[in-house]
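Colleague: I am new to this structure and would like a close look at a single part. Please take me through it step by step.

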Amino acid sequence: MSLTVDIRQTLGAFHLDARFEAPQGVTVLFGRSGSGKTSIINAVAGLTRPDAGRITLGARALYDSDARIALPPHRRRIGYIFQDARLFPHLSVRQNLGYGGWFAGGTDSADFARVVEMLGIGALLERRPGKLSGGERQRVAIGRALLSKPALILADEPLAALDEARKAEILPYFERLRDHGGVPVLYVSHAPAEVARLATSVVALDGGRVSAQGPAAQILGDPSITPLGARAAGAMLEARIAAQHADGITELGAGRLRLLVPRISGAVGTGVRVHIQAQDVMIATRRPEEISALNVLPAQVSTLRLGNGPGALVQLDVDGQLLLARITRRSAKALGLHEGAQVFAVLKAVSVAPQSITGPI
Amino acid sequence: MLGPEEWQAVLLSLKVALWATLGALPLGIFTAFALARWSFPGKQLVNGLVLLPLILPPVVTGYLLLLTFGTRGPIGAALKEIGIVFAFRWTGAALAAGIMAFPLMVRAIRLSIEAVDPKLEEAAGTLGASRLWVFATVTLPLSLPGILAGAVLAFAKAMGEFGATITFVSNIPGETRTLPSAIYAFLQVPGGEGAALRLVAVSVIIAMAALLLSELLSRRVAARVAGR
């Protein structure tokens, strides 16, 4: 089942004109604040009504201005995970979890047990939301949305209100949802690390319009998009553990590319995704020798984008995988970089932090 | 302690105030919800109408009730056909008390409904609850402290209603002689001060008990609703 959105809406001086498709997996709506992410997700949920267009989920029209269809939220079968959890304060955690299922013809006890187990909220069931921590609340909110038997899950910056530790606690649940949920997820975010970790596909928004959409690796590795600015740019690689070395180094393989990183636990063959920030990648025109960096990869400059300021963003093709490097214009000029130039990408193993690696995919 | 006549007035007052409160409550909740959550043409007019009994002299309200609900009034005559009579009956006293208490009730309930976060109602909608279910499972339980407070306030007001009641249904012992009417009647006859004072004491006790009860109830419900 996939979601297609093609809507137009005017909200004051803001014009939304968005058309995209969200296939199975996690589709991240990505863009600065005010780019229209929440407007889109609210239109999909039925909380607001666009001026014109169509929203379909599988074969079902949720909204169609020509056919005069606008299903109310409660008939759309969506599970909406809000930024601010929005648990019902007068109900226990158990009652909150069962709320949606009650309208969907009852909660299957096996489903209930599976979701409670997956989210680790078994000990909280009899508590009231007022007595939960922020992270616990958000996990219950995820469970509540899942147990409403949704055909689509919407998540509006579900981690934005949490600190880093809580984010790290919740992100894995979204990964499990992506890998085992069987339901498309539309996920709003403007945090590059979240996008790189979760996205199967990315819809980049800019000023109410879709500026790019496609598979995550392709969009994140494209220097012309960087919807959050070059500072936050980075590429995403989908790799597998190729070998575990005795000195604590893990060797990853993506196509013919080999990448050495600090130890990641997992058997050989386990899939992982790696987020490599553009600012961690250096470029050399000759192979550097006697250098501490473990990864020196022959590459070809596929795109060179000079900014208005002192910076430049370089897309490198390393054996068919795309990396981004953020350097200065001065360096680009000194090295004589141009599209098609043969160079070496240099990456310190330790700059790939364990939290930028997630698995399995 | 209390003579039979005085007991009669106390019990009648309790009955009248209870029915006035119970009768006004569903309409009060609906009106409060409409004023709190909907925008519709003529909303200010409805708001004004609801508040009117608070501002009009009670005797005017009573007289208007007599004109409309009296046996020769347009509504009163129609209701008489199906066997419902308000004029000079205790039911008329309940009607008058209910109408006089309505503005206070609606105000309290409206405030508590407005205090319910609409985001929670949105969330309930996305989880499959229709508007009516959202109201029944989210809005209503969360505004319950205010609804209870409104009901207690209305009950107290109904217990004390005098002007509209005496104008509409007169002061008939055993039928429409409520506490305030009885106190008034006792004060009109020589040697009635003793009975009047005893009823005054009863009034004070009932009012205090109602206040304490509402405090206790709303504190309990508020704690429950806040999820603590």
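At what angle do helix α2 and helix α4 of chain A pack, and how far apart are their axes?

Modeller: Keep in mind that this is a predicted model. Helix α2 of chain A covers residues 93-103, and helix α4 of chain A covers residues 134-146. The two pack at an angle of about 30°. Their axes are 6 Å apart. Angles under 35 degrees count as roughly parallel, so α2(A) and α4(A) are roughly parallel to each other.

Now the residues that make this contact. From α2(A) come A:Val93, A:Asn96, A:Leu97, A:Tyr99 and A:Gly100. From α4(A) come A:Val140, A:Gly143 and A:Arg144. By type, the contact of α2(A) with α4(A) has four nonpolar residues, three polar and one charged.

Helix α2(A) also has a part in the contact between chains A and B. That contact takes 21 residues from chain A and 18 residues from chain B. On the side of chain A that touches chain B, two or more residues each come from β7 (78-81) and α2 of chain A. Of these elements, α2(A) gives the most, with three residues. The whole side of chain A that touches chain B divides into 12 nonpolar residues, five polar and four charged.

To sum up, α2(A) packs against α4(A) at about 30°, and α2(A) also gives three residues to the side of chain A that touches chain B.

Note on methods
Residues numbered from 1 in each chain as written. Chains lettered and ligands numbered in written order. Predicted model: local features only at pLDDT ≥ 70, side-chain atom pairs only at ≥ 80, totals over all residues. Axes fitted to C-alpha atoms, helices over the stretch in contact; angles between N-to-C directions. Helix = DSSP H or I, 4+ residues; strand = E, 2+ residues; numbered from the N terminus. Parallel < 35°, antiparallel > 145°, perpendicular 65-115°, else oblique. Contact = placed C-beta atoms within 7 Å. Nonpolar A, V, L, I, M, F, W, Y, C, P; charged D, E, K, R; others polar.
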